[in-house]
Amino acid sequence: MARKNRPLPEINQSSMADIAFMLLIFFLVTTTMDVDSGIYRKLPAWIHDEQEPPKIKRRNTFIVLINKNNDLAINGEFAQVSELKDRVKEFILNPYGSDDLSEKDDKFVEGIGDVKRSKGVVSLQNDRGTDYGAYIQVQNELVAAFNEMRNDYSVAQFGKTYKALSIELQDAVRQVIPTSISEAEPVEI
Amino acid sequence: MAKFTRKGKVKGVPPISTASLPDIVFMLLFFFMVATTMKETNMKVKLRLPEATETVKLEKKSLVSYIYVGSPMPQYQAQHGTLSKIQLDDKFSKLSDIGDYIAAEREKRDEKERPKMTISLKADENTKMGLIQDIKLELRKASALKLNYSSRKRYTNSKY
């Protein structure tokens, strides 16, 4: 054929930009950039038959109660959310060895050695009518208290913030200050 | 230096070459393609997540299953009322459906990944804790113990 030797005409690329723009706009419109974040919590395993809850001494429990009007009570006394964090820290750390705050026992933690660990448990109780928002506020303060204690401990022990520590040391610090929050079944108050 | 001076009319600014425009656009395109997460579910409940400061980012989206709790959107209120409802996937569900949902979600994952499966509980801040507590109980029964209370990040009052 006569055509055979004719070179293939070059494809016109001027519309490439338009096509790319169209795709770009599609993705721009459909994109949602929000990152999911939240408070992590490990639920206790479900036990079939009713077991007696472990006995904990009164001084080792820190009872936080939210009623259906979203009021907060610490150990039976009315309190504000803003003071919760410091109260929890005081309870767990018990800096002056007070008799009505949590006891401590010895524990060996790999990477740190023998430490005194608090036996304290924060018990979070709520009513069925409590608002979820209020509940999360309280949860947040509790988690913040534990995070701050870990951070303070890391700075005192290693001179670094908790986040700057290696994974192993973070684990060790978590063992020294475990997140001891117990979420009881709700009660009708 | 006469060599460099031009004679005759002063020429206009030469047109900017647009040859690299597609490249730039493609670069942007790839960025958005990678950063995009498509919406997977149609929200049927109104959600206003509570605020918190101590939030942790959810990593590995593939390991996360969602439970939505909130009051139905206006168009569903005639049928479902205004009380808080649970939404699993694309439909309103009952408490008793959670067990099956967890089992189904677990089936979808690799055997290795199953223990790492996380439940993200996206609940409206005005939901009553009674419902949340029931959901938690169902999750415990289904032994889906890794729970994330989904919340918006609040930056004030944070020391970090």
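**Reading the helices, core and confidence**

Tutor: In this predicted model, helices α2(A) and α3(A) are oblique to each other.

Student: Why are α2(A) and α3(A) called oblique?

Tutor: Their axes cross at roughly 40°. Angles under 35 degrees would count as roughly parallel, and 65 to 115 as roughly perpendicular. The value of roughly 40° falls in neither range, so the pair is oblique. The two axes come within 9 Å, and α2(A) passes α3(A) in a right-handed crossing.

Student: What makes the contact between α2(A) and α3(A)?

Tutor: On the α2(A) side, the residues include A:V81, A:L84, A:V88 and A:I92. On the α3(A) side, they include A:V138, A:L142, A:A145 and A:M149. Such residues count as being in contact because their C-beta atoms lie within 7 Å.

Student: Which angle do α3(A) and α4(A) make?

Tutor: The axes of α3(A) and α4(A), the latter being residues 167-176 of chain A, cross at roughly 120° and come within 10 Å. Here too the crossing is right-handed. Among the residues making the contact are A:Y153 and A:F158 of α3(A), with A:L169 and A:V173 of α4(A).

Student: What makes A:V88 worth a look in the largest nonpolar core?

Tutor: A:V88 is one of the four residues that touch the most other members, together with B:I67, B:L121 and B:I135. This core has 45 residues. Helix α3 of chain A, residues 132-158, gives the most to the core, with 10 residues.

Student: How do you know that B:L121 is buried?

Tutor: B:L121 belongs to the nonpolar core, and a nonpolar core is a set of buried residues, so B:L121 must be buried. Leaving aside neighbours within four places in sequence, B:L121 is in contact with B:I67, B:I135, B:L147, B:N148, B:Y149 and B:S150.

Student: How many helices and strands does chain B have?

Tutor: Chain B has four helices and eight strands, and along the sequence they follow the pattern α-β-β-β-α-β-β-α-β-α-β-β. Of the 160 residues in chain B, 24% are buried. Among contacts in chain B with a separation of 6 or more, 77% join residues 24 or more positions apart.

Student: How do you know what confidence the predictor has in chain B?

Tutor: The mean pLDDT of chain B is 81, on a scale from 0 to 100, and 88% of its residues reach 70 or more. Where pLDDT is low, the predicted coordinates should not be read in detail. For the complex, the predictor gives an ipTM of 0.72 and a pTM of 0.75.

Key: Residues numbered from 1 in each chain as written. Chains lettered and ligands numbered in written order. Predicted model: local features only at pLDDT ≥ 70, side-chain atom pairs only at ≥ 80, totals over all residues. Helix = DSSP H or I, 4+ residues; strand = E, 2+ residues; numbered from the N terminus. Buried ≥ 20, exposed ≤ 12 C-beta atoms within 10 Å, placed from the backbone. Contact = placed C-beta atoms within 7 Å. Core = buried A, V, L, I, M, F, W, Y, C linked by C-beta atoms within 7 Å. Axes fitted to C-alpha atoms, helices over the stretch in contact; angles between N-to-C directions. Parallel < 35°, antiparallel > 145°, perpendicular 65-115°, else oblique. Left-handed = near helix turned anticlockwise from the far one by under 90°.
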